[in-house]
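Biologist: Before we go through the pockets and the helix packing, could you put the structure up, so that I can follow each feature as you explain how to read it?

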Amino acid sequence: MPEGDTVWLSCRRLNAALAGHVLTRCELRVPQLATTDLTGVGVREVVSRGKHQLFRFANGYTLHTHFRMDGTWRIFRHGRSWSGGQEFQIRAVLATAEHDAVGYRLPVVELVRTAEEHTVVGHLGPDLLGPDWDLDEAVRRIEAQPDRTIGEALLDQRNLAGIGTLYRAELLFLQGLHPRTPVGRVANLRRVVQRGQQLLAANRWRWEQSTTGDLRQGRSHYVFERPGQPCRRCRTRILTEEFGPRGQERRSYWCPHCQPAP
Ligand SMILES: [Zn+2]
């Protein structure tokens, strides 16, 4: 599942390809936008907000998309064949004279007035990779629910925007915190959040996500998606479970020795 750093890089690439250009083709293949055509409209910029993508147009509208589980935006030189998935998985096509941007498997495709973007991203907490990243505000929001587990609090995009299950697992390992530790018992919360921001920032310029400093396949993570395998520090077997609010359970990974239960 794409996390904040992947979305950030996607939007940087989309911005480089589309910003300042006029759309020569626009297809939004969702029922509510089937008749909307932005052909001839200029693209102002493409920016990320947490894990959301915002395409801002010169006509005062913003296209809002989200990857959720496996969505992606792919960029192709105009005239090249597209290779991001099956034709029926395409939800959006935005083309300029030079590039085709094709959105595959996007569960969210909607158009809002740019002045009203808050209606789609206003609920988000500080964006870990945003120009307005606010560490104090993120810590304040997390601390407001001291009985909640740190594992749930870090995934809640209303607290801080950009962390998914990969960075949650790796960050908690690096901090020696069990995912179910109550927020109120995390002594160095500010440091935890700061480290999380650093992990995303360190990975944002590349598609690979490494928290170990090693980019090689199978060596890039400490605990994420390594259940049953030995901890890289103490050789204890990594554990996993799903937990979280009902209906929003997400998988966590931890070393029972390096991250003792609360
Ligand atoms: Zn360990």
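## Pockets and helix packing

Modeller: In the lining of the second largest pocket, β10 is the element that gives the most, with 3 residues. Please keep in mind throughout that this is a predicted model.

Biologist: How is such empty space found, and what volume does the second largest pocket have?

Modeller: The general idea is that rolling a probe the size of a water molecule over the atoms shows where empty space is left. In this structure the second largest pocket holds about 360 Å³ of space. It is lined by 18 residues, of which M1, P2, T165, F224 and E225 are the closest to its centre. Two or more residues of that lining come from each of α5 (165-174) and β10 (250-254), and by class the lining has 6 nonpolar, 5 polar and 7 charged residues.

Biologist: What is the volume of the largest pocket, and which residues are the closest to its centre?

Modeller: The largest pocket has a volume of about 540 Å³. There are 20 residues lining the largest pocket, and L155, D156, Q157, Q248 and R250 are the ones closest to its centre. Divided by class, the lining of the largest pocket comprises 6 nonpolar, 6 polar and 8 charged residues.

Biologist: Turning to the helices, at what angle do the axes of α3 and α6 cross, and how should I read that angle?

Modeller: The axes of α3 (residues 135-143) and α6 (residues 189-203) come within 10 Å and cross at roughly 125°. An angle between 115 and 145 degrees counts as oblique, and therefore α3 is oblique to α6. The crossing in which α3 passes α6 is right-handed.

Biologist: Which residues of α3 and α6 meet?

Modeller: From α3, the residues L135, D136, A138, V139, I142 and E143 meet L189, R190, V193 and Q194 of α6. This contact of α3 with α6 divides into 6 nonpolar, 1 polar and 3 charged residues.

Biologist: How do α5 and α6 pack, in angle and in the distance between their axes?

Modeller: The axes of α5 and α6 lie 10 Å apart, and the two helices pack at an angle of about 125°, which means that α5 is oblique to α6. The crossing of α5 and α6 is right-handed. Here Y167, L171 and L174 in α5 meet V192, R195, G196, L199, L200 and N203 in α6, and the residues of this contact divide into 6 nonpolar, 2 polar and 1 charged.

Key. Residues numbered from 1 in each chain as written. Predicted model: local features only at pLDDT ≥ 70, side-chain atom pairs only at ≥ 80, totals over all residues. Heavy atoms only, no water. 1 Å grid on protein atoms, 1.4 Å probe; cavity = no way out; pocket = protein on both sides within 12 Å on 5 of 7 lines; lining within 4 Å. Points joined across faces, edges and corners; volume = space filled by probe spheres on them. Nonpolar A, V, L, I, M, F, W, Y, C, P; charged D, E, K, R; others polar. Helix = DSSP H or I, 4+ residues; strand = E, 2+ residues; numbered from the N terminus. Axes fitted to C-alpha atoms, helices over the stretch in contact; angles between N-to-C directions. Parallel < 35°, antiparallel > 145°, perpendicular 65-115°, else oblique. Left-handed = near helix turned anticlockwise from the far one by under 90°. Contact = heavy atoms within 4.5 Å.
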